[in-house]
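Here is a brief report on a ligand site and its surroundings. The sequence and structure come first.

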Amino acid sequence: MKIDVLTLFPGMFAGPLDESIVKRAREAGLLKLGIHNLRDWTHDRHKTVDDRPFGGGPGMLLKPEPIFEAVEQLASEQTKVILLCPQGRKFDQSIARELAQREHVLLVCGSYEGFDERIREALADDELSIGDFVLTNGALPAMVIVDAVTRLLPGVLGDDESSRDESFSHGKLEGPHYTRPAEFRGMKVPDVLLSGNHAEIAKWREQQAQVRTEARRPDLLGEQKT
Ligand code: 4G3
């Protein structure tokens with residue numbers, strides 16, 4: 001799939017998306033990622049992207065012209081255009097799965113200033129937030145979404161990683177996991193995991209996941225979300 005990102009801070013994207021699994025996916029051609037500087041669609045000497053709000057008040061707003069021109073150039077009919085802002089619907093694993101099915105997604109990063117409302121009305125197919133907090137701009141949320149979506153693309157994860165992922169997509173938190181040594185600084189791995197009894201191990205893991213979810217995320221048990 002192709003993901004384009006429209007941002008005022010393209011430099012922020014060098015690094016996080018050049019490592020690890022996203023790097024591998026890009027090298028394999030499974031993810032085509034385009035990072036675009038919104039200022040490339042300005043026409044004035046100062047590359048102005050913002051202006052003062054009508055009616056007064058503090059701060060500035062992203063003005064419509066550069067974003068309209070950029071989106072019109074970067075998006076086609078089949079593109080899902082998404083604004084990243086704290087007012088958006090909350091991004092989660094099911095939205096990641098939905099986006100991973102798309103041929104083309106365009107992520108439009110705002111800044112702390114916010115968007116002229118006509119950008120929402122005319123250009124956005126959706127608005128997403130990665131959580132109830134405010135950041136200086138939408139670049140980090142865009143990177144979070146790129147990462148979450150990329151690992152769901154067919155062929156990106158190895159068989160081992162994928163099947164592990166599936167076995168924990170029951171809508172519960174993962175329980176505890178252990179690796180060697182069987183005893184570390186006096187802390188022992190639970191006997192059941194060393195028993196070789198696979199039925200008992202499966203039962204224990206399910207019960208641990210339940211206990212942890214009840215304690216930490218009871219909200220996940222009400223609805224059956226992921
Ligand atoms: C638009 C997204 C953009 C309006 C963006 C702020 C947090 C998130 C911005 C606005 C952002 C998030 C840029 N901060 N929670 N800042 O996904 O008020």
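Which strand gives the most to the shell around the ligand? Strand β5 (residues 80-90) does, with four residues. Strands here are DSSP runs (E, at least two residues), as helices are (H or I, at least four), numbered from the N terminus.

The model is predicted: local features need pLDDT of at least 70, side-chain atom pairs count only at pLDDT 80 or more, and totals for chains, interfaces and linings use all residues. Residues are numbered from 1 along each chain as its sequence is written, and side-chain values use heavy atoms, with hydrogens and water left out.

**The shell.** The ligand has 17 residues around it, each with a heavy atom within 4 Å. Ser111, Ile130, Gly131, Phe133 and Leu135 come nearest. By class, the shell holds 10 nonpolar, seven polar and no charged residues. Gly counts as polar in this scheme.

**Polar contacts.** These are pairs of N or O atoms within 3.5 Å.

| Residue | Protein atom | Ligand atom | Distance |
|---|---|---|---|
| Ser129 | side-chain N or O | nitrogen | 3.2 Å |
| Ile130 | polar backbone atom | oxygen | 2.8 Å |
| Phe133 | backbone N or O | nitrogen | 3.1 Å |

Taken alone, the ligand exposes 420 Å², and the protein buries 95% of that. Areas come from the Shrake-Rupley method with a 1.4 Å probe.

**Leu135.** This residue sits in the loop between β7 (126-129) and α5 (139-150). Leu135 counts as partly exposed because its relative accessibility is 31%, between the cut-offs for buried (under 20%) and exposed (over 50%). Leu135 also joins Phe9, Met12, Phe133 and Leu140 in a nonpolar surface patch of about 410 Å².

Methods:
Patch = residues over 30% accessible without salt bridge, like charges linked within 9 Å, V, L, I, M, F, W, Y side chains within 5 Å. Salt bridge = Lys/Arg side-chain N within 4 Å of Asp/Glu carboxyl O. Buried < 20%, exposed > 50% of the residue type's maximum accessible area, 1.4 Å probe, protein only. Polar contact = N/O pair within 3.5 Å; in protein donor to acceptor, adjacent residues only side chain to side chain.
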